[in-house]
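Please look over the following model. A short report on selected strands, helices and residues comes after it.

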Amino acid sequence: MSAYIVEDERKVTTLRLREMKEQGRQVAMLTSYDFTMAGIVDKAGVDIILVGDSASNVMQGNLTTVPITLDEMIVYARGVARAAQRAMVVSDMPFGTYHASREDGVKNAVRLMQKAGVDGLKLEGGREIMDTVKGILDTGIPVMGHLGLTPQSVYKFGGYGLRAKEQAEADKLVEDAMMLEKAGCFALVLEKIPSWLTAKVCDELSIPVIGIGAGPADGQVLVLQDMLGMNKGFKPKFLRHYADLYTQITDAVGQYVTDVKSGSYPNENEWY
Ligand code: KIV
């Protein structure tokens, strides 16, 4: 049983996150997609639970995040929001729900907030979606940005490789990050970019910058099933496994099958 830290019992809010950055305290963020797991993640002291559109891969078995819909995200996010007592719950806006127009993006954002009961939303992209980001912020919804490897653009990028290796893309990313902060975003995720660039963005911004495969930042985020070792074949360089649940669950289920088939489950202490 390992120890874990809950520095502050109060509900995590945009204000708390800003304080954490000012005080140099790291933000721990993980994904969850259901009530049971989110309850455990919340109790263990995670500051932000992200209902990522990675639910498309993890929960639905799709190859990308593109197919997941707003209605599907609402179902996952509602379960997570019901479980979280302390953590701030942020839901991804799925692909295509904030790209057609500012009005459309605002309408979908309001629907996701109201139906799911989450505390904020995450959108992928910079200047291209700035008008919509501002529109959503104007309604009072907290927005988290996401730059670098933005998986909803995987078909445009041609894969999941490191982003912003070239100076031009790195310069654009820094400008976009500053625009998102200026617009009023409360935090920013940077995914799979060189660590020198993450350090630069962290220096430039006064909102927390949360990295995944981006080196040291103001906080870190991982996909829960990945860090728990449930996705056997998946081990990119940035991923640390904190458990081997694939093996533990397989062993437990295998033992159950053996017990049922041998008649050792249930025994007389396990029936009425
Ligand atoms: O959808 C997701 O899980 C994410 C994180 C990887 C940042 O966006």
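In which strand is Met-144 found? Met-144 belongs to strand 5, residues 143-148. The model is a predicted one.

**Met-144 and its surroundings**

Is Met-144 buried or exposed? Its relative accessible area is 0%, so Met-144 is buried. The cut-off for buried is under 20%. Setting aside neighbours within four places in sequence, Met-144 touches Met-29, Ile-48, Val-90, Leu-121, Lys-122 and Leu-123, and also Phe-186, Ala-187, Leu-188, Val-189 and Ile-210. Asp-92 is 52 residues from Met-144 along the chain. The C-alpha atoms of Met-144 and Asp-92 are 9.0 Å apart.

**Strand 7 and its partners**

Ile-210 is one of the contacts of Met-144. Ile-210 sits in strand 7, residues 209-212. Which strands pair with strand 7, and over how many bridges? The table gives the pairings.

| Strand pair | Residues | Sense | Bridges | Partner of Ile-210 |
|---|---|---|---|---|
| Strand 6 and strand 7 | 187-191 and 209-212 | parallel | four | Val-189 |
| Strand 7 and strand 8 | 209-212 and 219-222 | parallel | two | Gly-219 |

Val-189 in this pairing stands opposite Ile-210, and Val-189 is also among the contacts of Met-144. On the other pairing, Gly-219 of strand 8 is the bridge partner of Ile-210.

Which way do the residues of strand 7 point? Val-209 and Gly-211 point one way. Ile-210 and Ile-212 point the other way. All four are buried. In a regular strand, side chains alternate between the two faces of the sheet.

Helix 9, residues 195-204, joins the picture here. Together with strand 6 and strand 7, helix 9 makes a β-α-β unit, and the unit is right-handed.

**Helix 5 against helix 6**

How do helix 5 and helix 6 cross? Helix 5 covers residues 102-116 and helix 6 covers residues 130-138. Their axes come within 9 Å and cross at roughly 40°. Helix 5 is therefore oblique to helix 6. The crossing of helix 5 past helix 6 is right-handed.

Which residues meet between the two helices? From helix 5 come Arg-102, Gly-105, Val-106 and Ala-109. From helix 6 come Asp-131, Thr-132, Lys-134, Gly-135, Ile-136 and Asp-138.

**Ser-56 in helix 3**

Ser-56 lies in helix 3, residues 55-58. Why does Ser-56 count as buried? Because its relative accessible area is 0%. Leaving out neighbours within four places in sequence, Ser-56 is in contact with Gly-61, Asn-62, Thr-64, Thr-65, Pro-67 and Ile-68.

How values were computed: Residues numbered from 1 in each chain as written. Predicted model: local features only at pLDDT ≥ 70, side-chain atom pairs only at ≥ 80, totals over all residues. Heavy atoms only, no water. Buried < 20%, exposed > 50% of the residue type's maximum accessible area, 1.4 Å probe, protein only. Contact = heavy atoms within 4.5 Å. Pairing = 2+ DSSP bridges. Right-handed = clockwise from strand over helix to strand, strands pointing away. Axes fitted to C-alpha atoms, helices over the stretch in contact; angles between N-to-C directions. Parallel < 35°, antiparallel > 145°, perpendicular 65-115°, else oblique. Left-handed = near helix turned anticlockwise from the far one by under 90°.
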